[in-house]
Amino acid sequence: CAPSYELYCAGRKLDAKDSGPGAKSDPYFTVRSVLNRGILYRSEAVMKDLSPVWKPFSLNVRDVGGLDGPILISVFDWDADGMHDMIGELTTTLREFTFGNFDSGLINPDTGRGSGAFLVKTMKPEEQETLKPVYPGYSLTFTAQKLARKDITGKSDAYFTLKVRQGDQFVPLYRSEVVPQDL
């Protein structure tokens, strides 16, 4: 299992995107793998704050393509109408976070100008025992007909084994319960 890290992130002096007196933003951020373009994490929105501190979250090294896999961090201003405004973004790697005190400027791709900073205040390795693998869920139903009679009684104690190929051999992945004396 690849290592994961718990990240504690914040924003600093983000652009105000909401209008009105004392305008602020309701910032949230996403983390995407540049290699596979998938969203790996989306934070909660921190309401009316230009220097938000977000809840910690975890990133798996394998999911981002290794310590040097490029990741895109995008910060948005949340809007109730769903038309979230881009505040800014940056491309970095997990390795850059490991050096401590990560503080990098955000650039708004629409305007090309700076729009505040994204900080990783702390990066802690997670203990492997606490990680829970996520497996895809499948519901399979197996039936059998006309099984060979293998017992003296003329019936069989049927079961099946599901195997996967690893290299040049098959490794058991699952063995069903035995259905005694049935055909």
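Me: Which residue does Arg-95 form a salt bridge with?
Reply: In this predicted model, Arg-95 forms a salt bridge with Asp-68, and the closest N and O atoms of the two are 2.7 Å apart.

Me: Where in the chain do those two sit?
Reply: Arg-95 belongs to helix H1, which covers residues 94–98, while Asp-68 lies in the loop between strand E4 (57–60) and strand E5 (71–77), so that the pair links distant parts of the chain, 27 residues apart.

Me: And are Arg-95 and Asp-68 buried, exposed or partly exposed?
Reply: Arg-95 counts as partly exposed, with a relative accessibility of 33%, and Asp-68 is also partly exposed, at a relative accessible area of 48%.

Me: How many salt bridges are there in the whole structure?
Reply: A search of the whole structure finds three. One of them is the pair just described, Arg-95 with Asp-68, and another joins the side chains of Arg-12 and Asp-103, at 2.7 Å from N to O.

Me: Which strands hold Arg-12 and Asp-103?
Reply: Arg-12 is in strand E1 (residues 4–12) and Asp-103 is in strand E7 (residues 102–107), and this pair, 91 residues apart, links distant parts of the chain. Arg-12 is partly exposed at 33% relative accessible area, and Asp-103 is partly exposed at 42%.

Me: What does Arg-113 pair with?
Reply: Arg-113 forms a salt bridge with Asp-15, where the closest N and O atoms are 3.2 Å apart. Here both partners come from loops, Arg-113 from the one between E7 and strand E8 (114–125) and Asp-15 from the one between E1 and strand E2 (27–33), with their positions 98 residues apart in the chain.

Me: Is Asp-15 buried or exposed?
Reply: Asp-15 is buried, because its relative accessible area is 15% and the cut-off for buried is under 20%. Its partner Arg-113, at 47% relative accessibility, counts as partly exposed.

Me: Changing topic, where is Asp-77, and what is the nearest side chain of opposite charge?
Reply: Asp-77 is placed in strand E5. Asp-77 is buried yet has no salt bridge, and the nearest side chain of opposite charge is that of Lys-17, 7.7 Å away.

Me: What does the side chain of Asp-77 reach, then?
Reply: The Asp-77 side chain reaches the backbone nitrogen of Asp-26, at 2.6 Å.

Me: Which residues does Asp-77 touch?
Reply: Leaving aside residues up to four places away in sequence, Asp-77 touches Lys-17, Asp-18, Ser-25, Asp-26, Tyr-28, His-84, Asp-85 and Ile-87.

Notes. Residues numbered from 1 in each chain as written. Predicted model: local features only at pLDDT ≥ 70, side-chain atom pairs only at ≥ 80, totals over all residues. Heavy atoms only, no water. Salt bridge = Lys/Arg side-chain N within 4 Å of Asp/Glu carboxyl O. Helix = DSSP H or I, 4+ residues; strand = E, 2+ residues; numbered from the N terminus. Buried < 20%, exposed > 50% of the residue type's maximum accessible area, 1.4 Å probe, protein only. Lys, Arg positive; Asp, Glu negative; His and termini not counted. Polar contact = N/O pair within 3.5 Å; in protein donor to acceptor, adjacent residues only side chain to side chain. Contact = heavy atoms within 4.5 Å.
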